[in-house]
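Biologist: Before we use any descriptive word for this model, I would like to hear what stands behind it. Could you take me through the reasoning, term by term?

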Amino acid sequence: MSDELLVVRCQLGEREAFVELVRGWHPAVERYVVRMLGRSDDDVVQEIWLAVVRGLPKLRQPDRFTPWLFAIARRAALARTTTEGG
């Protein structure tokens with residue numbers, strides 16, 4: 001199933017669609033955080049998914065999910081480096 005369709009299903013309140021979306025993207029999000037921070041950080045990954053949960057209802061272009069997700073991930077990782085003084 002396409003990410004676009006999963007996003008629309010999430011926006012309609014289908015929990016299983018969100019589970020499937022996370023299952024598909026979680027490994028890539030974790031790898032991205034490792035590349036950005038130079039280490040694993042479960043707290044940052046959780047912050048990313050929390051932002052996704054909060055933001056999905058407002059995502060106007062479901063076909064732009066991937067760049068939107070990684071923009072969130074980038075902001076979360078940069079925020080972590082800023083709070084750590086790096």
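Modeller: Let me begin with accessibility: buried means under 20% relative accessible area, exposed means over 50%, and partly exposed covers what lies in between. Please keep in mind throughout that this is a predicted model.

Biologist: Why is Glu47 called partly exposed?

Modeller: The relative accessible area of Glu47 is 38%, and because partly exposed is the class between 20% and 50%, Glu47 is partly exposed.

Biologist: What makes the pair of Arg80 and Glu47 a salt bridge?

Modeller: The closest N and O atoms of Arg80 and Glu47 are 3.3 Å apart, and the criterion asks for a side-chain nitrogen of Lys or Arg within 4 Å of a carboxyl oxygen of Asp or Glu, so the pair forms a salt bridge. Arg80 in helix α4 and Glu47 in helix α3 are 33 residues apart, and their pair thus links distant parts of the chain. Arg80, with a relative accessibility of 16%, counts as buried.

Biologist: Which residues are linked with these two in a network of salt bridges?

Modeller: The network links Arg39, Asp41, Glu47 and Arg80. Within it, Arg39 forms a salt bridge with Asp41, where the closest N and O atoms are 3.0 Å apart. Arg39 counts as partly exposed at 31% relative accessibility, whereas Asp41 counts as buried at 8%.

Biologist: Why are α3 and α4 called oblique to each other?

Modeller: Their axes cross at roughly 135° and come within 9 Å. Angles over 145 degrees would count as roughly antiparallel, and those from 65 to 115 as roughly perpendicular; the angle of α3 and α4 fits neither class, and the two helices are therefore oblique. The crossing of α3 past α4 is right-handed, and the residues of this contact comprise 12 nonpolar, one polar and three charged.

Biologist: How do you know that α2 and α3 are oblique as well?

Modeller: Helix α2 (residues 15-37) packs against helix α3 (residues 42-55) at about 135°, with the axes 10 Å apart, and α2 and α3 are therefore oblique by the same rule. Here, too, the crossing is right-handed, and the contact residues divide into 13 nonpolar, one polar and two charged.

Biologist: Why does Arg9 count as buried?

Modeller: Arg9, which lies in helix α1 (residues 3-11), has a relative accessible area of 17%, and since the limit is 20%, Arg9 counts as buried. Arg9 also forms a salt bridge with Glu14, their closest N and O atoms being 2.7 Å apart, and Glu14 counts as partly exposed at 34% relative accessibility.

Note on methods. Residues numbered from 1 in each chain as written. Predicted model: local features only at pLDDT ≥ 70, side-chain atom pairs only at ≥ 80, totals over all residues. Heavy atoms only, no water. Axes fitted to C-alpha atoms, helices over the stretch in contact; angles between N-to-C directions. Helix = DSSP H or I, 4+ residues; strand = E, 2+ residues; numbered from the N terminus. Parallel < 35°, antiparallel > 145°, perpendicular 65-115°, else oblique. Left-handed = near helix turned anticlockwise from the far one by under 90°. Nonpolar A, V, L, I, M, F, W, Y, C, P; charged D, E, K, R; others polar. Buried < 20%, exposed > 50% of the residue type's maximum accessible area, 1.4 Å probe, protein only.
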